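Hi everyone, thanks for coming along. Have a look at the structure on the screen, and then I'll walk you through a few parts of it.

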Amino acid sequence: MRVLVVNGLLTFALLLAGAAGSTQAQAPAAPVAQPSSPSVTIPNFWNPRARGERVEAPQLGRPVRFLTDDEFPPLHFAGPDGNPTGFSVELARAVCERLSIQCTVQARRFDTLLDALGDKQGDVVAAAIPLTPGLRARFLATRPYFRWPARFVSRGDRGQPAPSAQALSGKNVGVIENSAHAAYLKTFFPAAVPKPFPDLSAAEAALRRGEVDYVFADGLNLALWIGGQDSEGCCAFVGGDYLENRYFGEGIGLVTRSEDAALNRALDDALQRVWDDGKYAELYLRFFPISPF
């Protein structure tokens, strides 16, 4: 199930054109603040102690076929020339470069990607498909290269404190009703006053009007809203990120068929190298001018 809601490609285009930095966040995944863009926090999902000998990709005798979707910015979408691009797509291309293999990228409808992979119409899925036990029962996946942080956002002119169990006591917090974020708020911030909304747009609009003190929701959606026109520059992240798997999932990785274990190991190793040589940071800064972390 997709978790990102975007007000069209225009929102994303405006973000990239007018990237003005973002707030620093405390990320449990060992974030690295890059000197070239000190206002953007780049998450690190790799364990340096897990590095081993370089893993080479198996020789298939043909290009490795990546499958993606082209309607899910900033992770994967159609570029100005109509070809697939986005953070996941360009990360896949960087992985292919590190492995010195030829690759192709084909866009398909999101809900057909895993079936196409299972039918051998492609070799790897590079898209925002959550890593779940159900997915792992059918396929192999690399370690996550992106996760869905939960974040608090508040109006910039209200001076709201960083969230804590005490600081949120009596504060009105907008959440999407029956969401994982609503459940998390109830469990870990029991003194907060949850204000449920039918969707994120309604919660964001209420925050912009000053009807709630905070909104607690998916950080990627919120980052796009903060940097887009709909927010009218009202709001910013406050406090750090929240990445508990039980509520917000494991994230996303590159997905292969179970029989392609050698390819999966090679992709995992190449992702580590993409991080080590700085390419991950370069791509992250390109596609996330306001970091959700």
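I'll talk about sheets first, then a helix pair, then aromatic rings, and finish with some backbone details.

Before anything else, please keep in mind that this is a predicted model.

So, sheets. A quick reminder: strands of a sheet pair through backbone hydrogen bonds, either parallel or antiparallel. Here, five strands make up an open sheet, and their order is β7-β3-β8-β15-β9. The pairing in that sheet is mixed. At its edges you'll find β7, residues 103-107, and β9, residues 139-141, each of them pairing on one side only.

Let's zoom in on one pairing in there. Strand β8, residues 124-125, and strand β15, residues 255-257, run antiparallel and share two bridges. If you'd like a landmark, V124 stands opposite T256 in β15.

Now, which helix packs on this sheet? That's α9, residues 261-276. Helix α9 touches β3 (64-68), β8, β9 and β15, and its direction makes about 160° with that of β15.

There's a second open sheet too, with three strands in the order β4-β5-β6 and antiparallel pairing. The edge strands of this sheet are β4 (71-72) and β6 (84-85), and each pairs on one side only. Between β4 and strand β5, residues 76-78, there are two bridges in the antiparallel sense. In that pairing, E71 stands opposite F77 in β5.

Back to helix α9, because I promised you a helix pair. Its partner is α2, residues 87-99: the two axes come within 9 Å and cross at roughly 100°. With that crossing angle, α2 is roughly perpendicular to α9. And what does the contact of α2 with α9 hold, by class? Nine nonpolar residues, no polar ones and two charged ones. On the α2 side we have L91, A94, V95, R98 and L99, and they meet A266, L267, A270, L271, R273 and V274 in α9.

On to the rings. How many aromatic pairs does a search of the whole structure find? The answer is 31. Some rings join into a cluster through ring pairs: F45, W46, F87, Y145, F146, W148, W275, Y280, Y284, F288 and F293. Rings can have charged company as well: the charged end of R151 sits over the ring of F237, 4.1 Å from its centre.

Last stop, the backbone. Most residues other than glycine have a negative phi, and most peptide bonds are trans. With that in mind, take a look at the bond from P73 to P74: this peptide bond is cis, with omega near 0°. P74 lies in the loop between β4 and β5, so to speak back in our three-stranded sheet's neighbourhood. Two more residues deserve a mention here. K120 has a positive phi of about 65° although it is not a glycine, and K120 is found in the loop between α3 (113-118) and β8. N178 also has a positive phi of about 65° without being a glycine. You'll find N178 in the loop between β11 (172-176) and α5 (180-188).

That's my tour. Thanks for listening, and I'm happy to go back to any part of it.

Definitions and conventions: Residues are numbered from 1 along each chain as its sequence is written. This is a predicted model: local features need pLDDT of at least 70, side-chain atom pairs count only at pLDDT 80 or more; totals for chains, interfaces and linings use all residues. Side-chain values use heavy atoms; hydrogens and water are left out. Two strands pair if DSSP finds at least two bridges between them. Helices (H or I, at least four residues) and strands (E, at least two) are DSSP runs, numbered from the N terminus. Contact means heavy atoms within 4.5 Å. Axes are lines fitted to C-alpha atoms, for helices over the stretch in contact, and angles run from 0 to 180 degrees between N-to-C directions. Rings of Phe, Tyr and Trp (its six-membered ring) pair if their centres lie within 6.5 Å; planes under 30 degrees apart count as stacked, over 60 as edge-to-face and the rest as tilted. A charge sits over a ring if NZ of Lys or CZ of Arg is within 6 Å of the ring centre and within 35 degrees of the ring normal. Angles under 35 degrees count as roughly parallel, over 145 as roughly antiparallel, 65 to 115 as roughly perpendicular and the rest as oblique. Ala, Val, Leu, Ile, Met, Phe, Trp, Tyr, Cys and Pro count as nonpolar, Asp, Glu, Lys and Arg as charged, and the others, Gly among them, as polar.
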